[in-house]
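Me: I have some questions about the terms used for this model. Please set each value against its definition.

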Amino acid sequence: DALGERTCAAAAASSLRVRLSAIAAAVALLPSQRPRVLGLESVCPLVASGMWLPDMRQRAGGIDALGGQPGDRPARVEWEAIAASAADVIVICCCGRTAAEAVQEIALHLFHRPGFWQLPALVARPPRLFAVSHEHFSRPGPRLVDGTETLLALLHPHCTPAHLQRAAAGVLALRLEEGERPGTKEEFASAFSPVLPNDNQADTGAADTGRADTG
């Protein structure tokens, strides 16, 4: 009302509700057993993402691996809690960082942690470790719907409607073959590649150098 854009605002809100309803409809068709999802907004120090992020994970058909609930504040966590979380999927969204920069953070601060490679997300092949850019997750607003669609595409790629699968654009995933395990943090960082083929939004070069154009 203050801006005199009530009609446009109502149309935008309606569009967002339609998209959230599409997510809910897709999740309703999923099996009852949902993946345990670990979400971190910092890896040094270790900080579990809170506020609206637990709600996004639930809406996307996941269970918070650390027991977070919608509205919980971001919380410092000990590595032992993460190692014991039995996370099936790990999504790293470092505040203020691109996906490629998040990869470098993971390589520097998580790669050699005891129990890291024993987490279900790392045992799986392909691994289910993802680095995402912060812009669809770190600020309250319409882009959170984009982020929720992204999480749906990552958590349930085979059940996500085709028109929502592009939501994974820009996301980098750890790619390893059966029995493969990088020996150095450099090899680990270079093992990340875009979730979607021919993804121009994913800056894989930045994953190798630690630098990215935040655009």
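Reply: In helix α4, A99, A100, E101, A102, V103, Q104, E105, I106 and A107 are buried. This is a predicted model, where local features need pLDDT of at least 70, side-chain atom pairs count only at pLDDT 80 or more, and totals for chains, interfaces and linings use all residues. Residues are numbered from 1 along each chain as its sequence is written, and side-chain values use heavy atoms, without hydrogens and water.

Me: What makes α4 mostly covered?

Reply: Buried means under 20% relative accessible area (1.4 Å probe, protein chains only). Nine of the 11 residues in α4 (99-109) meet that. Helices are DSSP runs of H or I, at least four residues; strands are runs of E, at least two; both are numbered from the N terminus.

Me: Which way do the residues of strand β5 point?

Reply: V89 and V91 point one way, I90 and I92 the other. All are buried.

Me: Why are β1 and β5 called paired?

Reply: Two strands pair if DSSP finds at least two bridges between them. β1 (36-43) and β5 (89-92) have four, in the parallel sense, and therefore pair. G39 stands opposite V91.

Me: How do you know that β6 pairs with β5?

Reply: Three bridges join β5 to β6 (129-131), so the cut-off is met. These strands run parallel. I90 has L129 as its bridge partner in β6.

Me: What makes up the lining of the second largest pocket, by class?

Reply: The lining has 13 nonpolar, five polar and two charged residues. Ala, Val, Leu, Ile, Met, Phe, Trp, Tyr, Cys and Pro count as nonpolar, Asp, Glu, Lys and Arg as charged, and the others, Gly among them, as polar.

Terms used:
Buried means under 20% relative accessible area, exposed over 50%, partly exposed in between (1.4 Å probe, protein chains only).
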